Amino acid sequence: LKYKAVAKRLIDFVRNADQLVETLAEEIAAIVLNEFAVPWLKLTVHKPGAVRGSRDVGVLIERGSRG
């Protein structure tokens with residue numbers, strides 16, 4: 001896995017994204033699984049300042065097959 005290629009692709013994607021943190025996580029997972037042939041991933045996405053009175057909100061997802 002070429003981490004630099006993954007990072008570049010995700011930076012380009014996220015730069016233009018304006019979505020709920022849950023949707024963003026699902027779409028990032030799909031990109032990594034499909035475009036980089038990763039069989040399984042565990043992904044955490046944070047969005048600091050998204051909710052008033054909260055320092056941070058985020059989501060953790062696991063997708064793919066570990067086997």
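How much accessible surface does the protein have, and what share of that surface belongs to carbon and sulfur atoms? In this predicted model, the accessible surface comes to about 5,100 Å², and carbon and sulfur atoms account for 54% of that area. The legends below start with the whole chain and then move in on single elements and residues.

**Figure 1. The whole protein, with 2 helices and 2 strands.**
Following the sequence from its start, you meet the elements in the pattern α-α-β-β. A box of roughly 40 × 25 × 15 Å, taken along the principal axes, holds the C-alpha atoms. The protein has 67 residues, and buried ones make up 25% of them. Among contacts with a separation of 6 or more, 33% join residues 24 or more positions apart. The charges are worth a glance too: the protein carries 11 positive and 8 negative ones, and the mean positions of the two sets are 7 Å apart.

**Figure 2. The largest nonpolar core, built from 17 residues.**
Look here for I28, V32, L43 and V45, the members that touch the most other members of the core. Each of α1 (3–15), α2 (21–35), β1 (40–48) and β2 (56–64) supplies at least two residues to this core. The largest share comes from α2, with 8 residues. A good place to rest your eye is I28: leaving out residues up to four places away in sequence, I28 touches L10, F13, V14, L43 and V45.

**Figure 3. Helix α2 and its buried residues.**
The 15 residues of α2 should span 21 Å at 1.5 Å a residue, and the end C-alpha atoms are indeed 21 Å apart, so expectation and model agree. Which residues of α2 are buried? They are V21, L24, A25, I28, A29, I31, V32 and L33. An α-helix has 3.6 residues a turn, so residues three or four places apart point the same way. The buried residues of α2 pack against α1, β1 and β2.

**Figure 4. A closer look at L24 in helix α2.**
Is L24 buried or exposed? With a relative accessible area of 13%, L24 is buried, because that value falls under the 20% limit. Setting aside neighbours within four places in sequence, L24 is in contact with F13, V14, A17, Q19 and V45. For a longer reach along the chain, compare L24 with V59: the two are 35 residues apart in sequence, and their C-alpha atoms are 9.7 Å apart in space.

**Figure 5. A17, in the loop between α1 and α2.**
This residue appeared in the previous legend as one of the contacts of L24. A17 is partly exposed, with a relative accessible area of 27%. P48 lies 31 residues from A17 in sequence, and the C-alpha atoms of the pair are 15 Å apart.

**Figure 6. A37, in the loop between α2 and β1.**
A37 follows α2. What is special about the phi of A37? Phi is near 50 degrees, a positive value in a residue other than glycine. A37 is also exposed, since its relative accessible area of 66% is over the 50% limit.

**Figure 7. G64 in strand β2.**
At 54% relative accessibility, G64 counts as exposed. Which residues is G64 in contact with, leaving aside neighbours within four places in sequence? They are L33, P39 and W40. One of these partners, P39, is 25 residues from G64 along the chain, while the C-alpha atoms of the two are separated by 5.5 Å. Another partner, L33, is among the buried residues of α2.

Note on methods: Residues numbered from 1 in each chain as written. Predicted model: local features only at pLDDT ≥ 70, side-chain atom pairs only at ≥ 80, totals over all residues. Heavy atoms only, no water. Helix = DSSP H or I, 4+ residues; strand = E, 2+ residues; numbered from the N terminus. Buried < 20%, exposed > 50% of the residue type's maximum accessible area, 1.4 Å probe, protein only. Contact = heavy atoms within 4.5 Å. Areas by Shrake-Rupley, 256 points an atom, 1.4 Å probe, with all protein chains shown as cover. Lys, Arg positive; Asp, Glu negative; His and termini not counted. Charge placed at Lys NZ, Arg CZ, Asp CG, Glu CD. Core = buried A, V, L, I, M, F, W, Y, C linked by side-chain atoms within 4.5 Å. Expected span 1.5 Å × (residues − 1).
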